[in-house]
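Open your viewer and get ready to click along. We will go from rings to charges, one selection at a time.

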Amino acid sequence: QVQLVESGGGLVQAGGSLRLSCAASGRTFTPYSMAWFRQAPGKEREFVGYITWNAGITYYADSMKGRFTISRDNAKNTVYLQMNSLKPEDTALYYCAAVTSFPGLSGRTDPARYGIWGQGIQVTVSS
């Protein structure tokens, strides 16, 4: 059983930066891609971006482009989310997720296509 554990969240002032980590543990782990989602209170889970495990190809939600960067370290089974120029509206519970096969072009942003999830980590941006 693979487990995903997020870390690195916390409280930051607007304009600041945070780097989230998501470490996979358990049996041999070779996902097709890993993604970050976020969910603010009262809102639906929102796609942030993803990275393919082998080629390192990234794709971001339009609102995240230029501020957020996803990277991975295959040797450490870890994916990262670097968040810069944070805004109060970025406040949310952030989740990493993994999919083991190609989810389809439309499915890559759909949380229902991801079968492995971390427990989530809180990011709070103060104004």
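**A tour of rings and charges**

Start by selecting Phe102, which is partly exposed, with a relative accessible area of 48%. Keep in mind that this is a predicted model.

Now add Tyr32, which is in the loop between E3 and E4. Tyr32 is also partly exposed, at a relative accessible area of 32%. A pair of aromatic rings is described by the distance of the centres and the angle of the planes. There are 8 aromatic pairs to find here. Tyr32 and Phe102 make an edge-to-face pair, 5.4 Å centre to centre with 65° between the planes. Phe102 lies in the loop between strand E9 (92–99) and strand E10 (116–117), and Tyr32 in the one between strand E3 (18–25) and strand E4 (33–39), so their pairing ties together parts that are 70 residues apart in sequence.

Switch on the surface and add Leu105. Together, Tyr32, Phe102 and Leu105 form a nonpolar surface patch with about 320 Å² of accessible area.

Next, select Phe47 and Tyr59. How are their planes arranged? The planes stand at 35° and the ring centres are 5.9 Å apart, so this pair is tilted. Phe47 belongs to strand E5 (residues 46–52) and Tyr59 to strand E6 (residues 58–60), so the pair ties together parts that are 12 residues apart in sequence. Phe47 is buried, at 8% relative accessibility, while Tyr59 is partly exposed, at 30%.

Widen the selection to Phe37, Tyr50, Tyr95, Tyr114 and Trp117: with Phe47 and Tyr59, these residues form one aromatic cluster. Then click on Arg45. Its charged end sits over the ring of Tyr95, 3.9 Å from the centre, and also over the ring of Trp117, 4.7 Å from the centre.

Time for the charges: the model has 4 salt bridges. Select Arg38 and Asp90, whose side chains meet in one of them at 2.8 Å, N to O. Arg38 is in strand E4 and Asp90 in the loop between strand E8 (78–83) and E9, so this bridge ties together parts that are 52 residues apart in sequence. Is Asp90 buried or exposed? Asp90 is buried, at 0% relative accessibility, and Arg38 is buried at 8%.

Keep Asp90 and add Arg67: here the closest N and O atoms of the salt bridge are 2.7 Å apart. Arg67 is buried too. Add Glu46, and you have a network of salt bridges linking Arg38, Glu46, Arg67 and Asp90.

For a last stop, select Asp62 and Lys65, a salt bridge with its closest N and O atoms 3.1 Å apart. Asp62 is exposed, at 64%, and Lys65 is partly exposed, at 47%.

Methods:
Residues numbered from 1 in each chain as written. Predicted model: local features only at pLDDT ≥ 70, side-chain atom pairs only at ≥ 80, totals over all residues. Heavy atoms only, no water. Phe/Tyr/Trp six-rings, centres within 6.5 Å; stacked < 30°, edge-to-face > 60°. Helix = DSSP H or I, 4+ residues; strand = E, 2+ residues; numbered from the N terminus. Buried < 20%, exposed > 50% of the residue type's maximum accessible area, 1.4 Å probe, protein only. Lys NZ or Arg CZ within 6 Å of the ring centre and 35° of its normal. Patch = residues over 30% accessible without salt bridge, like charges linked within 9 Å, V, L, I, M, F, W, Y side chains within 5 Å. Areas by Shrake-Rupley, 256 points an atom, 1.4 Å probe, with all protein chains shown as cover.
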